[in-house]
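This briefing introduces selected features of one protein chain to a reader who is new to structural work. Please keep the sequence and the structure in view while reading.

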Amino acid sequence: MATSTGLSSPGVGSGLDVNSIVTQLVALERRPIQTLQASATRMQTQLSGMGQLQSLFAALRDAAGALAKPEAFTVMGAASSDTTVAGATISSTTVPAAGSYSVIATSLAAGQTLASSAAQFLASTDLVGSGTLTLRLGAWNDALTGFTPKTGSVDVPITVGATDTLATLRDKINATNAGVSAALITDTTGVRLTIRSTATGTENGFRLTAADDDLMNADPAGLSRLAYDPQNGATQIARPSAAADARATINGIEVRSATDNFEGVVEGLSIKLSKPSTSAVTLTVSKNTESVKQLVNRFAGAFNGVAKFLAGQTGYNAETKQAGLFQGDSSVVSLQSQLRNLLAGTSLASTEFQTLSSLGLELQKDGTVTVNATRLDSALTKLPDVASAFSRNTDGQPMLTGAATRFKTWADGLLEATGTLPSRNKSIKDRISANQRDQERLEQRVSMVEKRLRAQYQSLDETMSRANALNSYVSQQMTALANFYKFNN
């Protein structure tokens, strides 16, 4: 009798589709894992949604915080009747008084420029002579008979050797960083050395004296060709442009500035001249209600971002038959009612404006808010009352606290480390971790079940194979026995 053991292909001995049977049985065992995987996918989506909700609440907190600052309602704005002539900006440190200012831009600030004669040098490689040029910043009088050194300035000597050219002299001047810059200008008539103040204003003019090695310090030869010292007769180099202050009259008073910006001439105001003009420009300083409008609209936008998200993710969409991510989540659902209650609440922070709707922030049926521009404009005519309604802060007295301050405090509490949102975020992460552990545990169990099933079917195969072999042997013996009796009878 022949027997067979150790079958390599499951089902060969039994005739059963063992792989299919085991696969289906294992699939049944894996169903709890698939349920866990679907749950994990949803929780990951919730985690992402919670991150988005935290970002939306952070934006709401910041927008409310901007409105909760009292200084937001003291910001002034400056306007010009002709910005091509003069404009103004508000200082970041001092608040100017409201009013108007008449400004006439007489002249703009300028720096001093010197230029050599084109006939003196034909190329940048021409030698300039030798000796020492001495530079000093300061102011020339109108007659060029007197020079007053700038406070804090010093004589800056520039040593010029016999091999120095116009180009190397330019480089030596620039290397001093002494308040001037040098350049070469070339055309068909020759090369000019130009030296220009790096800063404007009368006191940023300069004197350039020469100690020429030819012992002639004011003649048209050698290094003295580049000297500018009119009071001592050295004028071989020309002065196309004199250093000058910007000049203007403000409300009839003549004022000067080393630059085209007049800082602090009017307290809290920076006035910039753009071009001279004989006609007056009016600068008006007033409360900047536009900035308050922008803050209110920013707050409304941030509020709506939160409101729309909560409405979509805590409800049920009948059209798509999809539940929101946080439907039934009490910690998230409650935020929706808190949000609306804060917006619709009453405050005594301002006797004039006790609700946000009286300031133009109107709650809609869908939970969002719109800004009634007409009502807001009307409210802003009483800016101090608006400031109180939004930004008043009275610790321990919520009814006397401004709306923006209350929103910021509420949002701060939600977003702090132990607040509702981080705690809810942590809860989801903990559930995801537990889910992953359960999946791993069930995967191990399924693996063991599959291994056991395959071992059992392998054993069945071997048993069935032996039984089949025995059946075949018995059949053969019975046939042989029948044939024996047939031929012997």
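Two strands are said to pair if DSSP finds at least two bridges between them. By that rule β4 and β9 pair, since three bridges join these antiparallel strands. The model is a predicted one. The points below treat two open sheets, several helices and a few individual residues.

**The four-stranded sheet**

- An open sheet is built from four strands in the order β8-β9-β4-β11, and their pairing is antiparallel.
- Its edge strands are β8 and β11 (238-241), each of which pairs on one side only.
- Averaged over the sheet, neighbouring strands are turned by 30° against each other, with direction ignored.
- Helix α2 (residues 166-175) packs on this sheet and touches β8 and β9. The direction of α2 makes about 155° with that of β8.
- As a general point, the strands of a sheet pair through backbone hydrogen bonds, either parallel or antiparallel.

**Pairings within that sheet**

- Strand β8 (residues 180-187) pairs with β9 in the antiparallel sense over eight bridges. In this pairing, isoleucine 185 stands opposite arginine 192 in β9.
- A hairpin is formed by β8 and β9, with two residues between them.
- Between β4 and β9, threonine 113 stands opposite arginine 196 in β9.
- Strands β4 and β11 run antiparallel and are joined by two bridges. Alanine 115 has alanine 238 in β11 as its bridge partner.
- Strand β9 (residues 190-197) is mostly covered, as six of its eight residues are buried.

**Leucine 114 in strand β4**

- Is leucine 114, in strand β4 (residues 113-115), buried or exposed? Its relative accessible area is 0%, and leucine 114 is therefore buried.
- Leaving aside residues up to four places away in sequence, leucine 114 touches a set of residues that includes Leu193, Thr194, Ile195, Phe206 and Tyr228. Also among its contacts are Ile237, Ala238, Arg239 and Pro240.
- Leucine 114 and isoleucine 195 are 81 residues apart along the chain, yet their C-alpha atoms are separated by 5.1 Å.

**The three-stranded sheet**

- Three strands form an open sheet in the order β2-β15-β14, with antiparallel pairing.
- The edge strands here are β2 (86-90) and β14 (261-266), and each pairs on one side only.
- Neighbouring strands of this sheet are turned by 30° against each other on average, direction ignored.
- Four bridges connect β14 and β15, which pair in the antiparallel sense. Valine 266 stands opposite leucine 269 in β15.

**Serine 277 in a loop**

- Serine 277 is located in the loop between β15 (269-273) and β16 (281-287).
- The relative accessibility of serine 277 is 16%, and because buried means under 20%, this residue counts as buried.
- The side chains of serine 277 and serine 279 are joined by a polar contact of 3.2 Å.
- Not counting residues up to four places away in sequence, serine 277 touches Val85, Ile104 and Ala105.

**Helices α1 and α7**

- Helix α1 (residues 18-67) has 50 residues, so at 1.5 Å a residue it should span 74 Å. The end C-alpha atoms of α1 are 73 Å apart, which agrees with that expectation.
- Where does α1 have a kink of about 40°? The kink lies at arginine 30, shortly before proline 32.
- Helix α7 (residues 403-415) has 13 residues and should span 18 Å at 1.5 Å a residue; its end C-alpha atoms are 18 Å apart, which agrees.
- The buried residues of α7 are Ala403, Ala404, Thr405, Arg406, Phe407, Trp410, Ala411, Leu414 and Leu415.
- Elements that cover these buried residues of α7 include α1, α3 (289-314), α4 (330-344), α6 (383-391) and α8.

**Tyrosine 485 in helix α8**

- Tyrosine 485 is part of helix α8 (residues 420-488).
- With a relative accessibility of 49%, tyrosine 485 counts as partly exposed, because exposed requires over 50% and buried requires under 20%.
- The C-alpha atoms of tyrosine 485 and lysine 69 are separated by 118 Å, and the two residues lie 416 residues apart along the chain.

Conventions:
Residues numbered from 1 in each chain as written. Predicted model: local features only at pLDDT ≥ 70, side-chain atom pairs only at ≥ 80, totals over all residues. Heavy atoms only, no water. Buried < 20%, exposed > 50% of the residue type's maximum accessible area, 1.4 Å probe, protein only. Polar contact = N/O pair within 3.5 Å; in protein donor to acceptor, adjacent residues only side chain to side chain. Contact = heavy atoms within 4.5 Å. Expected span 1.5 Å × (residues − 1). Bend = angle between axes of the 7 residues up to and from the residue. Axes fitted to C-alpha atoms, helices over the stretch in contact; angles between N-to-C directions.
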